[in-house]
Amino acid sequence: MSTLCLFLLSLGSFALLALCQFGHYRSAFGRAPSEQRAATLKYAGLLQLCIGAVAAIYLQGGYGIILYICLWIPAAFTVVMLLGKSARLLPTAAVAIVPALALLPFAV
Amino acid sequence: MKDSFYRSMNWLHTWAGLLVCWVLLLIFFAGSLSFFRHEISLYAKPELHANVITSAPPADLAATVQHAQQFLSTKAPHAPDWLIEFPSARQPYLSYSWSEKIDGQRRPKFHSQPIDHNGNEAERPRDTLGGNFFYRLHFDLHYLPVQPARYLVGICTMFMLIALISGIIIHKRIFKDFFSFRGGKGSRSWLDAHNISAVFALPFHLVITYTGLITLMFMYMPWAGLSIWKGDADAMFDEMLPRFTQPSPSGQAAPMLDVHTLLPRVQQLWGDEAQIHDIRIRNPGDSQATVSFNRDTGQQITDETTQLVFSAVDGTLLYQSPDNHSAAVAVHDTLMALHTARFAGPALRSLGFVMGLLGCAMIASGCLLWALRLREKRRQGFGLSLVEGLNLTMIVGLPLGTVLFFLANRLLPEALAGRPNLEVAAFFAGIALCALTATVRRDSRAWRALLGLTGLLALALPLINALSTPANIFSNLQHGQWSLAIADLLFIATAAACWFARHHLPKGVPEPRKPLREQTA
């Protein structure tokens, strides 16, 4: 369960980091983001990436942080796949933190 | 200056990568499979698949140890070593082993007897190297003498590290193109594929390459340590990593105590929660006999064994692994653990395997990209032919060789002498077949034919496994033997990947030359 939780946190972070780029945002929403929104998405993505790291250490210590960094790869791949196949789903992936936080009590 | 620096790094990345990429592909491929070394060994021994395999620890540990001691003292009373291995997640069966000294050979021969669910001797598994072949191939390159092979692997690893660092420097849009993959655009798509496979798994690539050098650092650069310990390597290791020194056998017989009587003391020293991975008895029957208990370290990020050693005659505690190491030893141990990943659970291990394959994809796409760029510039010549030939040999040869290795494992008669060597020969025969084909033709027809052959053989493997062994993919799924079921599923996935690759051949592969009539028409 903790693996799934950490994967969802990584997925949300990378989806936000993809959306902060003008081209990917346009693919997802059909229009370019304002500079302020792009910056907000970027910092939200980075913050969520840090939250994931804290959660990984809290859940599984040193092992957790290694697992978390390794989970970035399938998460980033999912974002690339979504961008290639159905970019409109990317905003849904960007809120993956919600199910991740819902699963957190079961992962502890 | 910046432009010149960029260009010099570009040159370095190209040549550091290209010169060693095919050896690196072999190292990465074998290393990725080594993450599942024990699981591959289990798959390669179908005699263990029914009535032996169990993930549960022994219900009565003391009774099991007592039984093992009785068995070994009857079967191999004069063996220099006895080993009792308990079922673990990665090696899910109980086995009693002993070594046998053979005149003229430095290393003793090792015998292993698996025990079935009823505590009886199970059928001895077929002779195979299993996952150990891929593990040793990863740094010993099999046919080469050990020392030169390890130096060669070290040089290739250093080149890989240089290629990685120079690759980061020349990737100008590392963040902007982080999620970009533009398919169907010739060399642009291949560069994207190369970048994605490299950048996504970059932490893994950097760590695995750097720690790969660390694993053999005392061989590659021993001089700093040797100058301090005045050339005495043994003294250096004794001081850095203090270990129990096994006393030589005295030659005087002495009755051994019952090993299971030591279990309460082990629990007292380690706590009730501790799992014992194995028990090793050295010089049994001698007055210098010892019993060592090795702890299952689980998910601790360590490569060191946690050990308790007792005298097997009077039960005196002779050695206990220290709780704390010096900072330098702890750092070295952690780096080693990060490379070997012995601590990894199934999820992390699978991720390591996938990232290893991504490393293969990074290297293969780099090789193909080089050939494609040269062809786009219409630079024909020996260099291009050589690169195209080696691309076909290694990129298709490695999966073909692996499939042939497992086919040989299932189809060769069990009693055949030199069976393990023949399995290994089958692996290299796959690579040799691709190399021979590459000397004749290296175009898309050759790629399609060899990929088709690999796919068909990979698809046949689960079927042959079902027909030649007591278990099959469905029974393994039904009984929760995931590692065995996943092995069959991976062969099916390999067949699917070959089928996909056959129909979506990379642009780096040349099309066959058209007949002159068609060209002029």
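Start by selecting residues 89-107 of chain A: this span is 84% helix and 0% strand, with its end C-alpha atoms 26 Å apart. Everything on this tour belongs to a predicted model, which scores ipTM 0.90 and pTM 0.91.

**Chain A**

Residues 89-107 form one of the spans that an unreviewed UniProt entry annotates as "transmembrane region"; the annotation also covers 38-58 and 65-83 of chain A. Move to residues 65-83 of chain A, where the helix content is 100%, the strand content is 0%, and 27 Å separate the end C-alpha atoms.

Now colour chain A by pLDDT. The chain averages 91, and 100% of its residues score at least 70. Confidence in chain A is highest in α1(A), at 94, and lowest in helix α5 (residues 97-107), at a mean of 83.

**Where chain A meets chain B**

Next select the contacts between the chains: 18 residues of chain A are in contact with 17 residues of chain B. On the chain A side, α1 (2-19) and α3 (35-85) are the elements that give two or more residues. The most come from α3(A), which gives 14 residues. By class, the chain A side of this interface holds 13 nonpolar and five polar residues, and no charged ones.

**Chain B: spans and domains**

Switch to chain B, where the mean pLDDT is 90 and 97% of the residues score at least 70. An unreviewed UniProt entry places "transmembrane region" features on chain B at residues 12-36, 151-175, 196-220, 351-372, 384-408, 420-438, 450-468 and 480-501. Select two of these in turn. Residues 151-175 of chain B are 80% helix and 0% strand, with 36 Å between the end C-alpha atoms. Residues 196-220 of chain B are 92% helix and 0% strand, and their end C-alpha atoms lie 32 Å apart.

For the domains, give one colour to domain 1 (2-43 + 135-200 + 344-520) and another to domain 2 (53-121 + 243-321) of chain B. The centres of domain 1 and domain 2 of chain B, taken over C-alpha atoms, are separated by 40 Å. Contact between them involves four residues of domain 1 of chain B and four residues of domain 2 of chain B. The domain 1 side of that contact has three polar residues, one charged residue and no nonpolar ones.

**Two helices of chain B**

Select helix α13 (residues 346-376) of chain B. Its 31 residues reach 44 Å from first C-alpha to last, close to the 45 Å expected at 1.5 Å a residue. Just after α13(B), stop at B:Arg378, which takes a positive phi of about 55°.

Go on to helix α15 (residues 419-440) of chain B. Its 22 residues should span 32 Å at 1.5 Å a residue, and the end C-alpha atoms are 31 Å apart, which agrees. Show the side chains of the buried residues in α15(B): B:Glu423, B:Val424, B:Ala426, B:Phe427, B:Gly430, B:Cys434, B:Thr437 and B:Ala438. Which elements do the buried residues of α15(B) pack against? Display α4 (131-140), α14 (382-411) and α16 (444-468) of chain B to see these partners.

**Three loop residues of chain B**

Most residues other than glycine have a negative phi. The next two stops depart from that pattern.

Centre on B:His142, in the loop between α4 and α5 (146-170) of chain B. The phi of B:His142 is near 55°, a positive value in a residue other than glycine. B:His142 counts as partly exposed because it has 16 C-beta neighbours inside 10 Å.

Then find B:Asn283 in the loop between β4 (276-282) and β5 (290-295) of chain B. B:Asn283 is not a glycine, yet has a positive phi of about 50°. Is B:Asn283 buried or exposed? With 22 C-beta neighbours inside 10 Å, B:Asn283 counts as buried.

Finish at B:Leu257, in the loop between α10 (233-240) and α11 (263-270) of chain B. B:Leu257 has 17 C-beta neighbours inside 10 Å and so counts as partly exposed. Leaving aside residues up to four places away in sequence, B:Leu257 touches B:Ala312, B:Val313 and B:Gly315. Draw a distance from B:Leu257 to B:Ala312: the two are 55 residues apart along the chain, and their C-alpha atoms are separated by 6.0 Å.

Definitions and conventions. Residues are numbered from 1 along each chain as its sequence is written. Chains are lettered from A and ligands numbered from 1 in the order in which they are written. UniProt positions are given in the numbering used here, feature names are shortened, and annotations may be inferred rather than shown by experiment. Helices (H or I, at least four residues) and strands (E, at least two) are DSSP runs, numbered from the N terminus. A residue is buried if 20 or more other C-beta atoms lie within 10 Å of its own, exposed if 12 or fewer, and partly exposed in between; C-beta atoms are placed from the backbone. Two residues are in contact if their C-beta atoms, placed from the backbone, lie within 7 Å. Domain bounds come from an automatic or database domain assignment. Ala, Val, Leu, Ile, Met, Phe, Trp, Tyr, Cys and Pro count as nonpolar, Asp, Glu, Lys and Arg as charged, and the others, Gly among them, as polar. pLDDT is the predictor's confidence in each residue, from 0 to 100. The expected span of a helix is 1.5 Å times one less than its number of residues.
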